[in-house]
Amino acid sequence: MDHRIVRIVFFSGTGCTTHVAETFKAACNQRGAFVQMHELRHDAAEPKGSFDYLLLCYPVHAANAPRPVMEWIRGQEITKSVPAAVISVSGGGDITPNLACRVAVKRRLSRKGFLVRYERMLVMPSNWIVATKPALAARLLEVLPERAGSVVDEFLSGGKRRMIPGPGNRLLSLLGKLETPGARLFGKRIRADEHCIGCGLCARECPVANIDIRSGRPVFGFECVMCLRCLYLCPQKALRPGLGSFVLIKEGFRLDEIKKLPPLQHKIDIEREADGLLWLGLKRYLLSLDGKASGSGSGSAGGAASAQK
């Protein structure tokens, strides 16, 4: 019996990274490892005791990790060479400006004594600016267990996978940190319109406790990390951003609805469905699982759907 303990630490905005973390948990359990789950939200206590492996998952925010991930690392005590895997999640994949999104996390974990020897990007349906086509979204969910299983197999068996992004992507990652103050302002400017019924769901679900309900209306503070959860989750669609509204998918984003898409009845043409630079990273990701390689473009190409909240 395998008695290894894997602690899966994750932050999630609209549910994609939660789904990834739960898929990792299932893969670890299938391989006999015991899993401790810890979601980075204000009301979740971290499991006590030691662990043998760390698997840290987070959505890409402005070519970086979200603020709660950095705060969690900062609060960790110095450990002794616990193997760590850093898994980022995005709608665009390993492509500029995302290529350096794990650099700061790896560096800070190493300073805390973790042995960071594995990293990878997983792709999920986009919740940022442009929606992923239904066929591609269904395929992403379909292949996730296979990809998560391969990550767990490689990581727990001692495999190493590290990337060294170039200076251009490192610069983009540094510039992306400007989103932190921008996110605070974004959240402060969110307002509820006349459709708000004061149900309080936004306040209960906010992972950083940035929303209070006062006199039956939500009031937003300065702690927003721009995860977009409240904006997409509101049952009345009553929340409106005061700035940056272009980042929202007009038809909304609900992972639960994407999960209800019917199973693919036949193999889709990835090259055709994911045509264009916008979806280059997603295309490469799916083709790599099919044992193919995309010959179009280079790793430095960018895409509007590169963020994942």
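Buried, on this tour, means under 20% relative accessible area, with exposed over 50% and partly exposed in between (1.4 Å probe, protein chains only). What you have open is a predicted model, where local features need pLDDT of at least 70, side-chain atom pairs count only at pLDDT 80 or more, and totals for chains, interfaces and linings use all residues. Residues are numbered from 1 along each chain as its sequence is written, and side-chain values use heavy atoms, with hydrogens and water left out.

**Stop 1: S173**

Select S173, in helix α5 (residues 167–176). Helices (H or I, at least four residues) and strands (E, at least two) are DSSP runs, numbered from the N terminus. S173 has a relative accessible area of 7%, so count this residue as buried. Now show what is around S173: setting aside neighbours within four places in sequence, its contacts (heavy atoms within 4.5 Å) are A62, A63, N64 and A100.

**Stop 2: the sheet**

Next, bring up the strands. You'll see an open sheet of five, in the order β2-β1-β3-β4-β5, with parallel pairing; two strands pair if DSSP finds at least two bridges between them. At the edges sit β2 (34–39) and β5, each pairing on one side only. From one strand to the next, the twist averages 20°. Add helix α2 (residues 67–74), which packs on the sheet and touches β1 (5–10), β2 and β3 (53–59); its direction makes about 155° with that of β3. For angles like this, axes are lines fitted to C-alpha atoms, for helices over the stretch in contact, and the values run from 0 to 180 degrees between N-to-C directions.

While you're there, click on Y58 in strand β3. Its relative accessible area is 0%, so Y58 is buried. The C-alpha atom of S88 is 5.2 Å from that of Y58, although the two are 30 residues apart along the chain.

**Stop 3: β4 and β5**

Select residues 83–90, strand β4, along with β5: the two pair in the parallel sense over eight bridges. Two places to zoom in are A84, opposite V116 in β5, and V86, opposite E119 in β5. Which helix does the chain pass through from β4 to β5? Helix α3 (residues 103–111), in a right-handed β-α-β crossover; right-handed here means that, with the strands pointing away from you, the path from the first strand over the helix to the second runs clockwise. Strand β5 (residues 115–123) has eight of its nine residues buried, so the rest of the structure largely encloses it.

**Stop 4: α4 and its partners**

Finally, select helix α4 (residues 134–156) and helix α1 (residues 16–30), whose axes come within 9 Å and cross at roughly 55°. That makes α1 oblique to α4: angles under 35 degrees count as roughly parallel, over 145 as roughly antiparallel, 65 to 115 as roughly perpendicular and the rest as oblique. For side chains to display, H19, V20, T23, F24, A27 and C28 in α1 meet L141, L144, P145, A148, G149, V151 and V152 in α4.

Then swap α1 for helix α11 (residues 280–289): the axes of α4 and α11 come within 11 Å and cross at roughly 50°. Here α4 is oblique to α11. Show L136, R139, L140, V143, E146 and R147 of α4 with L282, Y285, L286, S288 and L289 of α11 to see the contact.
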